[in-house]
Amino acid sequence: MPAQRATRVPPAWLIRPLLATRNGLARLHRALVPPEVALLECSLGIIDTKALSVAAELGVADHLADGPLSDDALATACDADPDALARILRYLVGRGIFSRTRDGRFKNNKRSELLRTIDGSSRAWARFFGAGWHVSGWNALDHSARTGDSGAEAALGRPFWEYLTDVNPDAGAVFDAAMESVSSVQMSVIARKYPWSSCTTVCDVGGGTGTLLAAILNAHPNLRGVLFDLPAVIAKSAPVLDTAGVAERVTVEGGDFFESVPSGCDRYLLQAIVHDWDDDSCVHFLSNCRDAMTPDGRVLVLETIMPTHDGDHFAKAIDLEMLVDTGAGRERTRAEFDTLFARAGLRISKTIPIALTTMFELERA
Ligand SMILES: C[S@@+](CC[C@H](N)C(=O)[O-])C[C@H]1O[C@@H](n2cnc3c(N)ncnc32)[C@H](O)[C@@H]1O
């Protein structure tokens, strides 16, 4: 079993001032360089994405886990060209990922440790983001810009979810692992901050391979769970649920949430699902959850709220990722969520800030 890493997430109340400070520093940083340089720097983003993903793909951080290595020794371990690998790592060291000893050997630092193959690491995310098939969707951003449709579908020839499940299961496995790694950043906070003891059965709708559900059940031994996702995705859930020791309390069900969701649970959790779809589609599956839940049941939607300010924000980047991946997906402002939930016959009973995201607890309107 891979080594376990405890994720530290700053408390939600600290995140807003931290982001505001960072935005202020970013404005200062931009003011310090001529506009031509700022533009040039902005155009180089693909180098970060690809250098990081290649380092993750080659397992560089794993090979450095036991200590620093010279260019040659590291290249041999990674089966890479020594000069090319050293240049990629020199770039990443400059970006604050990996570092060097005084005698020039590469070593891990706090950030590159996150590229190791350990539970809760970001290696899968880095591999997903820079993967050729994923970047091919971004290469078609101009198609999205002209049509409003998915660049990924134009590039891959099939809708995003179909591509992952039916065409390229290896890509699907990388994507599922990337979702697990993102989930793991805040799952312990979700498990702690919601009063799960007030319910009996939680259905994780579009729950992937079950990482989040497993964390919640682990923290609440009396709770039962239903893991619901596309059949090809739930087929990969057994190791996750077994390793977490919660398999006996989970019913795993494959299906399509546009048709129906398992009935009779008192909580329906949807993390990073609403942002994948247009409003009409969301109303469709949210209404299915509303109809399926017990009389006093609740739907729990976990999403990032799109800020209305013009500063830099993670939600604005992920919003474009949704445009490229699904075309119909988007990040929403608080006002847009209110309208959407009302259309599905739901109203907000509670909002719980969780790291960069918000959990909306919804009851029947
Ligand atoms: C962005 S991922 C989020 C996964 C998980 N909730 C998480 O936060 O890690 C979206 C999930 O929705 C699932 N999905 C997409 N279309 C679906 C459908 N029609 N019915 C059920 N699940 C679906 C995908 O397989 C995927 O696991």
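Ala145 sits in helix H9, which spans residues 141–147. This is a predicted model. Ala145 is exposed, with a relative accessible area of 64%. The cut-off for that word is over 50%, so Ala145 earns it at 64%. Now look for Ala342. Ala145 and Ala342 are 197 residues apart in sequence, and their C-alpha atoms are 30 Å apart in space.

Another exposed residue is Asp79, at 73% relative accessibility. Asp79 belongs to the loop that joins helix H5 (71–78) to helix H6 (82–94). The backbone has a notable angle here. Phi of Asp79 is near 55°, a positive value in a residue other than glycine.

Follow the chain through H6 to Phe98. This residue is in the loop between H6 and strand S1 (99–100). Phi of Phe98 is also positive, near 70°, and again the residue is not glycine. Is Phe98 buried or exposed? Its relative accessible area is 1%. Buried means under 20%, so Phe98 counts as buried.

Phe98 has a partner further along. Asn109 lies in the loop between strand S2 (106–107) and helix H7 (123–130). Setting aside residues up to four places away in sequence, Asn109 touches Gly96, Ile97, Phe98 and Ser99. Two polar contacts give detail to this meeting. The side chain of Asn109 reaches the backbone oxygen of Gly96 at 3.1 Å. That side chain also reaches the backbone oxygen of Phe98, at 3.2 Å. His275 is elsewhere: Asn109 and His275 are 33 Å apart, C-alpha to C-alpha, with their positions 166 residues apart in sequence counted as the separation.

Next comes strand S3, where Cys203 lies. At 0% relative accessibility, Cys203 counts as buried. Which residues does Cys203 contact beyond its neighbours within four places in sequence? They are Val226, Phe228, Pro262, Cys265, Arg267, Tyr268 and Leu269. Ala51 is far along the chain from here. Cys203 and Ala51 are 152 residues apart in sequence and 38 Å apart in space, C-alpha to C-alpha.

Strand S3 (201–205) also leads to the largest nonpolar core, as one of the elements that each supply at least two of its residues. How many residues does this core have? The count is 28. Those with the most contacts inside it are Val205, Tyr268, Leu270, Phe285, Leu286, Val299 and Val301. Several other elements each supply at least two residues, including strand S4 (224–229), strand S6 (267–271) and strand S7 (298–303). Helix H16 (279–292), helix H18 (334–343) and strand S9 (357–364) do so as well. The largest share, six residues, comes from H16. There is a general pattern behind such groupings: in soluble globular proteins, nonpolar side chains tend to be buried together.

Val299 gives a view from inside this core. Apart from neighbours within four places in sequence, Val299 is in contact with Tyr268, Leu270, Leu286, Cys289, Arg290, Met293, Leu346, Phe360, Glu361 and Leu362. Another core lies apart from the largest one. This other core has 26 residues, among them Leu212, Leu217, Leu223 and Leu227.

Past S7, turn to His313. The loop between S7 and helix H17 (314–326) holds this residue. His313 is buried, with a relative accessible area of 13%. Not counting residues up to four places away in sequence, His313 touches Leu19, Thr304, Ile305 and Pro307. A polar atom of the His313 side chain lies 3.0 Å from the backbone nitrogen of Ala315. The C-alpha atoms of His313 and Leu40 are separated by 20 Å, with the two residues 273 apart along the chain.

Finally, go to the ligand. It is surrounded by 17 residues, and the closest are Gly206, Asp229, Asp256, Phe257 and Gln271. By class, the shell has nine nonpolar, five polar and three charged residues. Which distances separate nitrogen atoms of the ligand from the protein? A polar backbone atom of Gly206 is 2.7 Å from a ligand nitrogen. A polar side-chain atom of Asp256 lies 2.9 Å from a nitrogen atom of the ligand. For Phe257, a backbone N or O atom lies 3.0 Å from a ligand nitrogen. The protein covers 94% of the 590 Å² of accessible area that the ligand has on its own.

How values were computed:
Residues numbered from 1 in each chain as written. Predicted model: local features only at pLDDT ≥ 70, side-chain atom pairs only at ≥ 80, totals over all residues. Heavy atoms only, no water. Near = heavy atom within 4 Å. Polar contact = N/O pair within 3.5 Å; in protein donor to acceptor, adjacent residues only side chain to side chain. Areas by Shrake-Rupley, 256 points an atom, 1.4 Å probe, with all protein chains shown as cover. Nonpolar A, V, L, I, M, F, W, Y, C, P; charged D, E, K, R; others polar. Core = buried A, V, L, I, M, F, W, Y, C linked by side-chain atoms within 4.5 Å. Buried < 20%, exposed > 50% of the residue type's maximum accessible area, 1.4 Å probe, protein only. Helix = DSSP H or I, 4+ residues; strand = E, 2+ residues; numbered from the N terminus. Contact = heavy atoms within 4.5 Å.
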